[in-house]
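The following exercises ask for backbone angles, burial and helix packing to be read from a single chain. Work through each task before turning to its solution.

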Amino acid sequence: MMCDDARLLLHAYLDNELDAAQSVAIDRHMQGCAACAALHADYAQLHEGFARASLYRRAPDTLRKAWSAEPVVPRAVRAHRAPVALAMAAGFVAALLLAAPAWWYTLHRGTGQSVDEVVSSHIRSMQPQHLMDVISTDQHTVKPWFDGKLDFSPRVKDLANQGFPLVGGRLDVLDGRTVAALVYRRHLHVINLYQWPISASASAQDVAQWHGYTVIRWTDEHMRFVAVSDVNESELRQFVQMFQGTTQP
């Protein structure tokens, strides 16, 4: 996790609003980053200060009485307000009905997994002993390892000559189903490439950003692929292009 990512999530971390993977990632980051740890201490002190009872002030009785009093509205004004309120409510409901399908399609795109779920899985894989079940740079070792563990055969490609060496693989879970996760490296960065079979035959690339991570999704020959990493977008696009263009042995 980078400092920019950690600082974006510190307030949610203090309020216990993060999932377990994100909380662990921030804990690990602060153990090795004095600046973020100091910022967390400042936020925690401020958080504690706002919670002190001494800051509470009771509103004067005159103000409380004026606030709770029922306003007197002339009958003509009430009659005018009723159709306006109904029209506004109807417009709001109509807007929801129109926007909901577009929102659902944008979030899921028919893939069954959201961007934050993929990034959370990527972050979780960075915990000790979680990144790889099989460690090998040889695709002929990694691919057979999945035999009998999945109901499909994943595509495993060697991209070392293109600057993205294969280092291993593991089983993972997305949207409640077991998927294959191939692990590649780009210098000091990790690229997780998830894949599993779906009914759709093909789809164009879909690129999304989430707290400093890039996610690229596409479908090819009834196989869904999701690549995620903290490398810059252009390098992850290059990785995807190399994986798509390399002939599988």
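**Exercise 1.** How are α2 and α6 oriented to each other?

*Solution.* In this predicted model, begin with the axes of helix α2 (residues 20-32) and helix α6 (residues 115-125), which come within 9 Å and cross at roughly 45°. Angles under 35 degrees count as roughly parallel and those from 65 to 115 as roughly perpendicular, with the rest, apart from those over 145, taken as oblique; α2 and α6 are therefore oblique to each other. Next, take the handedness: α2 passes α6 in a left-handed crossing. Finally, list the residues that meet, which are A21, Q22 and A25 of α2 and S120, I123 and R124 of α6. Sorted by class, this contact has 3 nonpolar, 2 polar and 1 charged residues.

**Exercise 2.** Describe helix α1, its span and its buried residues.

*Solution.* Helix α1 covers residues 3-14, that is 12 residues, and its first and last C-alpha atoms are 16 Å apart, close to the 16 Å expected at 1.5 Å a residue. Within α1, the buried residues include D5, A6, L9 and L10, and A12, Y13 and L14 are buried as well. After α1 comes N16, which has a positive phi near 60°.

**Exercise 3.** Where does H187 lie, and is H187 buried or exposed? Treat E221 in the same manner.

*Solution.* H187, although not a glycine, has a positive phi of about 60°; its place is the loop between β3 (177-186) and β4 (189-197), and with a relative accessible area of 62% H187 is exposed. E221, also not a glycine, has a positive phi of about 50°, sits in the loop between β6 (213-220) and β7 (223-229), and is exposed at a relative accessible area of 58%.

Definitions and conventions. Residues are numbered from 1 along each chain as its sequence is written. This is a predicted model: local features need pLDDT of at least 70, side-chain atom pairs count only at pLDDT 80 or more; totals for chains, interfaces and linings use all residues. Side-chain values use heavy atoms; hydrogens and water are left out. Helices (H or I, at least four residues) and strands (E, at least two) are DSSP runs, numbered from the N terminus. Buried means under 20% relative accessible area, exposed over 50%, partly exposed in between (1.4 Å probe, protein chains only). The expected span of a helix is 1.5 Å times one less than its number of residues. Axes are lines fitted to C-alpha atoms, for helices over the stretch in contact, and angles run from 0 to 180 degrees between N-to-C directions. A crossing is left-handed if the near helix is turned anticlockwise from the far one by less than a right angle, and right-handed if clockwise. Contact means heavy atoms within 4.5 Å. Ala, Val, Leu, Ile, Met, Phe, Trp, Tyr, Cys and Pro count as nonpolar, Asp, Glu, Lys and Arg as charged, and the others, Gly among them, as polar.
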